[in-house]
Amino acid sequence: MQIVDLSVELAHGMVRYPSPYLPSVTLDDAATHEEDARHAQILSCGTHVSTHLDAPYHAIPDGRTIDEIPLAQLCGNAMKLRIPGNRNADRPLDADDFAAYPEKETIEKLVLETGWAQETWGTSEYFTEGPFLTRAAAEELATWPKLHMIAMDFPNIDSKTETVMGKPNPNPVI
């Protein structure tokens, strides 16, 4: 099995999701080799910064929290689907992008690559103009019998119009 690191760098002042309740990322020296004979840092950030995992609790009030997800469930073989076509908020991923895969009966982990992160990471557009799964696409993926993890190179699995503060997320793959 080849191990692929999907993470991006966590850095002081990095771009983050534009939300009033998420703090800026700070990464400061707590100790230095010159003064303390060792190096240590203080990191402060919200949970929706850089590469991260959304536990079901993020969108579902009684969903599992991150500590309730076994690490083994997050590791293992995955299928990468390259979704072509310059995807963005105006060209989201739809059911047709997933309907023709005979492997859908056996896939447990799916990596969606649209090229969005490669094109826009580090800009504010990454978070505000990116593609997402349409309701039909989410419903299609929810029928894949063994699928339990989706990784993606875009920040939001659902449309901003379907996310209503104070209400459970209706997205069927969440």
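These exercises work through the core, sheet, salt bridges and aromatic pairs of the structure above.

The model is predicted: local features need pLDDT of at least 70, side-chain atom pairs count only at pLDDT 80 or more, and totals for chains, interfaces and linings use all residues. Residues are numbered from 1 along each chain as its sequence is written, and side-chain values use heavy atoms, with hydrogens and water left out.

**Exercise 1. The core**

Task: Find which residues touch the most other members of the largest nonpolar core, and which elements each supply at least two residues.

Solution:
- Step 1. Fix the term. A nonpolar core is a set of buried Ala, Val, Leu, Ile, Met, Phe, Trp, Tyr and Cys residues joined through side-chain atoms within 4.5 Å.
- Step 2. Fix burial. Buried means under 20% relative accessible area, exposed over 50%, and partly exposed in between, with a 1.4 Å probe and protein chains only.
- Step 3. Pick the members. The largest core has 18 residues, and L81, F98, L110, L112, L133 and W144 touch the most other members.
- Step 4. Assign elements. Strand 3 (79–82), strand 4 (109–113), helix 4 (125–128) and helix 5 (135–142) each give at least two residues to this core. Helices (H or I, at least four residues) and strands (E, at least two) are DSSP runs, numbered from the N terminus.
- Step 5. Zoom in on L112. Residues up to four places away in sequence are not counted; L112 then touches L81, L93, F98, L133, I150, A151, M152, D153 and F154. Contact here means heavy atoms within 4.5 Å.
- Step 6. Set the context. In soluble globular proteins, nonpolar side chains tend to be buried together.

**Exercise 2. The sheet**

Task: Work out the strand order of the open sheet and its edge strands.

Solution:
- Step 1. Apply the pairing rule. Two strands pair if DSSP finds at least two bridges between them.
- Step 2. Read the order. The open sheet has three strands in the order 3-4-5, paired in parallel.
- Step 3. Find the edges. Strand 3 and strand 5 (149–152) each pair on one side only, which makes them the edge strands.
- Step 4. Check the turn. With direction ignored, neighbouring strands are turned by 20 degrees against each other on average.
- Step 5. Inspect one pairing. Four bridges join strand 4 and strand 5 in the parallel sense. L110 has I150 of strand 5 as its bridge partner.

**Exercise 3. Salt bridges**

Task: Take three of the four salt bridges and classify the exposure of residues in them.

Solution:
- Step 1. State the cut-off. A side-chain nitrogen of Lys or Arg must lie within 4 Å of a carboxyl oxygen of Asp or Glu.
- Step 2. Take E113 and K80. Their side chains meet at 3.2 Å, N to O. E113 sits in strand 4 and K80 in strand 3, 33 residues apart. E113 is partly exposed at 25% relative accessible area. K80, at 54%, is exposed.
- Step 3. Take K104 and E140. Their salt bridge spans 3.1 Å, N to O. K104 lies in the loop between strand 3 and strand 4 and E140 in helix 5, so the pair ties together parts 36 residues apart in sequence. E140 is buried because its relative accessibility is 15%.
- Step 4. Take E108 and K109. Their closest N and O atoms are 3.9 Å apart. E108 is partly exposed at 38%. K109 is buried at 4%.

**Exercise 4. Aromatic pairs**

Task: Classify the ring pairs of F127 with Y17 and with Y126.

Solution:
- Step 1. State the cut-offs. Rings of Phe, Tyr and Trp (its six-membered ring) pair if their centres lie within 6.5 Å; planes under 30 degrees apart count as stacked, over 60 as edge-to-face and the rest as tilted.
- Step 2. Count. The whole structure holds five aromatic pairs.
- Step 3. Take Y17 and F127. The centres are 5.9 Å apart and the planes stand at 90 degrees: edge-to-face. Y17 lies in the segment before strand 1 (26–31) and F127 in helix 4, so the pair ties together parts 110 residues apart in sequence. Y17 is partly exposed at 26%. F127 is buried at 7%.
- Step 4. Take Y126 and F127. Their centres are 4.9 Å apart and their planes at 85 degrees, so this pair is edge-to-face. Both residues are buried.
- Step 5. Join up. Ring pairs link Y17, W121, Y126 and F127 into a cluster.

Technical notes: Axes are lines fitted to C-alpha atoms, for helices over the stretch in contact, and angles run from 0 to 180 degrees between N-to-C directions.
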